[in-house]
Amino acid sequence: MCVLTFPSRPTIRVIADQLLRDLTGTETPSSRSRFDLTTRLTGLLATPMRLTVVNEAQRLTGDCIELLRHLHDHPRTRFALLYVGGDGCWEVISKEPMLRSRVFRRLPFQPINPVKVPALMRRYHPIYEATPRTCSSTWTAPTGTAPCATGPSSPTPPPPCVRSRT
């Protein structure tokens with residue numbers, strides 16, 4: 001799995017650079033054009049099968065969405081593409097007719113009832129299993145951490161991108 005978050009209105013080069021950096025773990029040479037980077041990305045995304053998550057997708061431009069669509073639709077690549085975003089995400093994606101027709105399912109999320117959060121968190125990760133039920137009012141919204149939980153004070157970070165070994 002590869003989780004990417006881009007700055008507001010990134011360029012195609014920024015998208016290609018960050019995706020290549022996350023897939024290989026190395027810096028991209030500044031001398032390469034976005035076309036060279038796209039060719040290299042096509043090869044890297046050919047194997048193994050992976051999930052690429054684009055977080056804050058509402059920040060993307062039409063050109064950036066088109067690059068990701070091009071990579072996803074290439075006959076050699078094998079990856080699932082998941083756009084995740086906040087307010088305005090669907091508006092950005094739906095402006096792109098080539099992408100809108102490929103959206104399998106649009107899933108709007110609603111806030112979780114605060115009473116249900118402690119039980120959900122205990123099932124989320126083993127570090128929260130031993131959290132006392134009395135902590136129900138101490139869960140914090142931005143990070144989902146509980147001050148009286150056993151284990152680290154913050155949730156496990158997302159896993160790094162799966163790197164292919166060739």
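These questions and answers look at one helix, one threonine and the largest pocket of a predicted model.

In this predicted model, local features need pLDDT of at least 70, side-chain atom pairs count only at pLDDT 80 or more, and totals for chains, interfaces and linings use all residues. Residues are numbered from 1 along each chain as its sequence is written, and side-chain values use heavy atoms, without hydrogens and water.

Trainee: How far apart are the end C-alpha atoms of helix H1?
Mentor: Helices are DSSP runs of H or I, at least four residues, numbered from the N terminus. The expected span is 1.5 Å times one less than the number of residues. H1 has 13 residues, residues 12-24, so 18 Å is expected. The end C-alpha atoms agree, at 18 Å.

Trainee: Which residue follows H1?
Mentor: Its phi is positive, near 80°. The residue is glycine 25.

Trainee: Is threonine 38 buried or exposed?
Mentor: Threonine 38 sits in helix H2. Buried means under 20% relative accessible area, exposed over 50%, partly exposed in between (1.4 Å probe, protein chains only). Threonine 38 has 12%, so the word is buried.

Trainee: Which residues does threonine 38 touch?
Mentor: Contact means heavy atoms within 4.5 Å. Residues up to four places away in sequence are not counted. That leaves Leu67, His70 and Leu71.

Trainee: Which element gives the largest share of the lining of the largest pocket?
Mentor: A pocket is an open set of points on a 1 Å grid over the protein atoms alone, where a 1.4 Å probe fits, with protein on both sides within 12 Å along at least five of seven lines; lining residues have an atom within 4 Å of a point. Here 23 residues line the largest pocket. Four residues come from the element with the largest share, H4.

Key:
Helix = DSSP H or I, 4+ residues; strand = E, 2+ residues; numbered from the N terminus.
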